[in-house]
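Student: I have a model open and I'd like to learn how to read it. Could you walk me through it?

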Amino acid sequence: MLPSEEEGLQNKTSTFVCLARDFAPQLHKFHWQHNGNHLLGESSCEQKGSEANFTASSYLVISHADWASGASVKCVFEHRTGNLSKQVQQGGDLTPSVILHPPMWRGKDGGSKAQLLCAFDGVDMKSLAVEWSVDGNPQPNSEMFGQSSRLEVDTRDWNPGSRYSCKVKPGDKKSWIEKSIQVCSDGHFLAPEAELDRPPLRDVITQQEVVVTCRVTAAGASRVSWRVDDKHTQSQAVKEYRAANGRLISNLTLPVTTWNTLRSVSCKVEHPCYPTEASITMPEPGSQEPTVIIRRPLEDWERDQSLVLECLLGGLSSTEVSVTLQANGKDLPKTEYVTIPVQKDQNSLTAVRFTIPDDQKGVNKRFSCKVNHNIQAKSPKISSSTGKLFAPPTLELFHTPGSGSTKLVCVGSGFNPQLKWNLSELKLNAIKKKSMGEGGRLTVTSEVDVPQTEWYKGTTFSCEVKDENQKHQTRNISICSAAPHTGFADVHLVGPPVNVTASHDVLVTCLLVGYGISELPIVWKVDGRVVSDGVTTPPSSVNANGTQSRRSELKLEAKKWHGRADVSCEVARLCDTAPLVRSISKPKGQLSVELAPPSQRDIFLYSKVALECIITGADSAAVDDAQVTWTVAGDKQLSQSPDKQGMRNGQFRKVSKLMVDMADWFSGKVIECLVSDQHYGVVKNSPLTRSIQKSDGADPEVLIYTLPEARDPNHDSVVCEVRGPSLGDVYVMWQVDGGGYVEGNTGLLHQDNGSVSVVSILTVKSQRVADATLFTCAVKHGGMKDYTAPLSVQYSKMTRSVPTVTLLHRPGELVCLVFGFSPAAINITWLKNSIRVEAPEQGTAQPSRGPDGRFSTHSHLNLTSGDWDSGMKFTCVVTHVTGELSQDISKPEPKNEVFFHDDNMADAVPEDTVAETLNMAWAFLFLFLLSLLYSCTATLIKVRHTAHMLRAHSLRSDTQHTCSEPTH
């Protein structure tokens, strides 16, 4: 603002005023310059111009002569937001101008009084006319100050929005210059902001009244009014005050019953410039449906805080909930109130922790979490219950066979189970593992490795569990309780030839065939007396099908044999209650007859079945002359001509076959074989009858599993077991990968409870098992209504493995490595910027099998330098039965490279290329060693099946492989 002419004439001085407004923060400086020389202003004052900004002024006094001589004056305002300056000079052609400044409020926080300043420039002060008006009404109480006019303002007139005008008419001008201002244009008020706070949920649940709070920021000239369900509230329910930070706080008190039933509540801020409103709309019931989970943290148990339960809350954001622990559906006294902030992640969970009271440790107690998240909801959200945390502990004891030891696994479950082993004075290290079940019960697993020498002795091992004040529990295990079929063996006793002379000693052979028989004791008896002289027992041997054979021979005096002494071989199998006894003596000179049932192959492959009537005897002529008569259901039948098969084990043998329709056989018709001898008439054990043995009509249970006890490294065995309370006749055949039927090694398994199972063992080469995808056990039995549709159970040793994909870049091509997958079927495609690449640009190798049975392959994509350098994205997409995988690659961002130059080479070789090639070689070597280690481990560690007791009564085909047929 420039000095007035009156001041120059009267005081011989010229006063310049520099005014700065609407700045923050407060720190600032003024500098003056007179004709380019720096001067210090005589005084400076500052005041708060609004709620957020400041106004400051400084003035400079110089002689009127200096100003009249054409001096220049400059004011510089320095502030952190930037410097501003204003310069004036005497003698210039000035255009009349008027500036109406907003009021500068006086007193604390702006006060209630202010001055409006109307400054003019470029006017003749001698005949200057100035007029003020408020909403068109003249205001005579103004005063002149230099080249400005001041008018005092009161907030009661200013805040309602009155319009203030300043009109200036220079003496040499005919028209008035008018400037106007009012409250909403001066920047004195910031726009208020209102926040509405809900009452705490604790108050809603526990109190009779609740308080809703409206917080108003920049609340100058603001008033607050309330509406509940669009109706104004009474002023008695509202209390207001100003906080220390200047906020206006308005509290509305409502009865809880009103709050729980209202639809909306709003806080309206009335302001002359910036009216605003904040409201709360009560959510619809269940608008935020939470998820509630109760769990018992394992980490708390490990810190000896075993009584802690956690309620996990999900699906809630920016809300308040109450959480109560329940026992058997009843609330426990303590309730937690939790404010959940705004959740950016929808999967975020909020944990609320409770400690189970001592009086709630009942054996039947189940615990749950109840969450109230919306008072208007019809019912709270309740989690699923825990299990019975304090119920008595449970205990299980298992075993897993191994190559050098048997692993015993003890599993205890309870609130705080403690396991203890009784290992018969063996010092073994136990490995313990802990896990927390979904029901909150802790499961502890303890494992020990028992040497095979101790395990096969039949030693009993026990495991005990203790839990708090509950009753202790103990489980025992031994080879006889866990795997009694370990001693599975059949015993055959073979006598000397029939034509042996009376002067020679004879050999009687006891043959054992089965599994785990190398240490079984063999006892010989003659006429009930144990003998050891003349006994020879060589070491056992392993057969091609994985079974073991063991032979013991007794050299017997000829006179005892011909005197028909009773010779017996007794084998005390490990888990049998009594020895298995086989007896033999010299047969009498007569014929014997056996009626053989249909073979498995006939039952499955043909429409007719063959029954064999087998005649044996020491006299060849008697065997030749024997006559065979067949009947089916009493009707005589024509049979094939008997086939004399010569001598076996000193016996002559003749076989007569009868072909019977399959339908007749399965219908249960009785087939009879009658053998007549010209010397003895009808043979003693003839006629023999045979018919299919019917079951009770219910289908038997068919199980299929592997048999790791077969320790032949070149062969593997698959077992099919048929169980049922009344089996009848059972026929079993095998299919491998859907091929033709093949026979297994089939026999009977006698259980300790008196029941009988049929067991068929299929033994194939190990490589065949690795290649095979599917083994099928097909079963027909006497109770079948449709004998053309056998029961079948399948087993596959091939498992699915997810491929691993690696994408590599080489000069001129990309290589996609895919390995570790099974089965072999796989498809690899290439994408260039998400567009499929045609076949001529790529090539894929056939999958190759690794030592572990899993496959690997690779595919390459030809590249041009332009494609790679352009930064295109290339994708290798692998489609397999386990799912689809993909890997992306593109040229990386340029980076600093070290180049090695050779005068004889045209191009530079980047150091990174050498390192990349070396890394690729190491990667291939590592993957090869890893797959080799895995396959070796899988081969060495075979798991012995523990679920079934095998005691074969007759394994016909095994006997044919390992010994001569015994005398009948």
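Tutor: Let's go from the overall make-up to a sheet, then salt bridges, then a hairpin. Keep in mind that this is a predicted model.

Student: Fine. How many helices and strands does the protein have?

Tutor: The secondary structure comes to 16 helices and 73 strands.

Student: And what share of the residues is buried?

Tutor: A residue counts as buried under 20% relative accessible area. Here buried residues make up 41% of the 968 residues. The protein exposes about 51,800 Å², and carbon and sulfur atoms supply 49% of that area.

Student: How should I read the contacts by sequence separation?

Tutor: Take the contacts with a separation of 6 or more, and ask what part joins residues 24 or more positions apart. In this protein that part is 63%.

Student: Now a sheet. In what order do the strands of the open sheet of 4 strands lie?

Tutor: Read across the sheet, from neighbour to neighbour, rather than along the chain. The order here is S31-S32-S35-S34, and the pairing is antiparallel.

Student: Which strands stand at the edges?

Tutor: Strand S31 (394-401) and strand S34 (431-436) do. Each has a single partner strand, so one side of each has no neighbour in the sheet. Neighbouring strands in this sheet are turned by 20 degrees against each other on average, direction ignored.

Student: How many bridges pair S31 with S32?

Tutor: There are 8 bridges between S31 and strand S32 (residues 405-414), in the antiparallel sense. To see one in your viewer, pick Thr 394: its bridge partner in S32 is Ser 413.

Student: On to salt bridges. How many does the structure hold?

Tutor: It holds 23. For each one, check the N to O distance, then how exposed the two partners are. Try Asp 358 and Lys 361, whose side chains meet at 3.5 Å, N to O. Asp 358 is exposed at 59% relative accessible area, while Lys 361 is partly exposed at 38%.

Student: What does the salt bridge between Lys 407 and Glu 447 tie together?

Tutor: The closest N and O atoms of Lys 407 and Glu 447 are 3.9 Å apart. Lys 407 lies in strand S32 and Glu 447 in strand S35 (residues 442-451), so the pair ties together parts that are 40 residues apart in sequence. Lys 407 is partly exposed, at 27% relative accessibility, whereas Glu 447 counts as buried at 16%.

Student: Any other pair to look at?

Tutor: Asp 664 and Lys 669 meet in a salt bridge at 3.2 Å, N to O. Asp 664 is partly exposed at 21%, and Lys 669 is partly exposed at 34%. There's also a network: salt bridges with shared partners join Arg 295, Glu 299, Asp 300, Arg 303, Glu 310 and Arg 353.

Student: Last stop, strand S36. Why is S36 described as largely enclosed?

Tutor: Count the buried residues along the strand. In S36 (residues 461-467), 5 of the 7 residues are buried, so the rest of the structure largely encloses this strand.

Student: Which strands pair with S36?

Tutor: Strand S33 (residues 417-422) pairs with S36 over 6 antiparallel bridges, and Lys 420 stands opposite Glu 464 there. Strand S37 (residues 473-477) is joined to S36 by 5 bridges, also antiparallel. In that pairing, Cys 463 has Arg 475 as its bridge partner in S37.

Student: What do S36 and S37 form?

Tutor: A hairpin, with 5 residues between the two strands. In its turn, look for Glu 468, which has a positive phi of about 50 degrees.

Notes. Residues are numbered from 1 along each chain as its sequence is written. This is a predicted model: local features need pLDDT of at least 70, side-chain atom pairs count only at pLDDT 80 or more; totals for chains, interfaces and linings use all residues. Side-chain values use heavy atoms; hydrogens and water are left out. Buried means under 20% relative accessible area, exposed over 50%, partly exposed in between (1.4 Å probe, protein chains only). Contact means heavy atoms within 4.5 Å. Accessible areas come from the Shrake-Rupley method with a 1.4 Å probe; for residues, only the protein chains shown count as cover. Two strands pair if DSSP finds at least two bridges between them. Axes are lines fitted to C-alpha atoms, for helices over the stretch in contact, and angles run from 0 to 180 degrees between N-to-C directions. A salt bridge is a side-chain nitrogen of Lys or Arg within 4 Å of a carboxyl oxygen of Asp or Glu.
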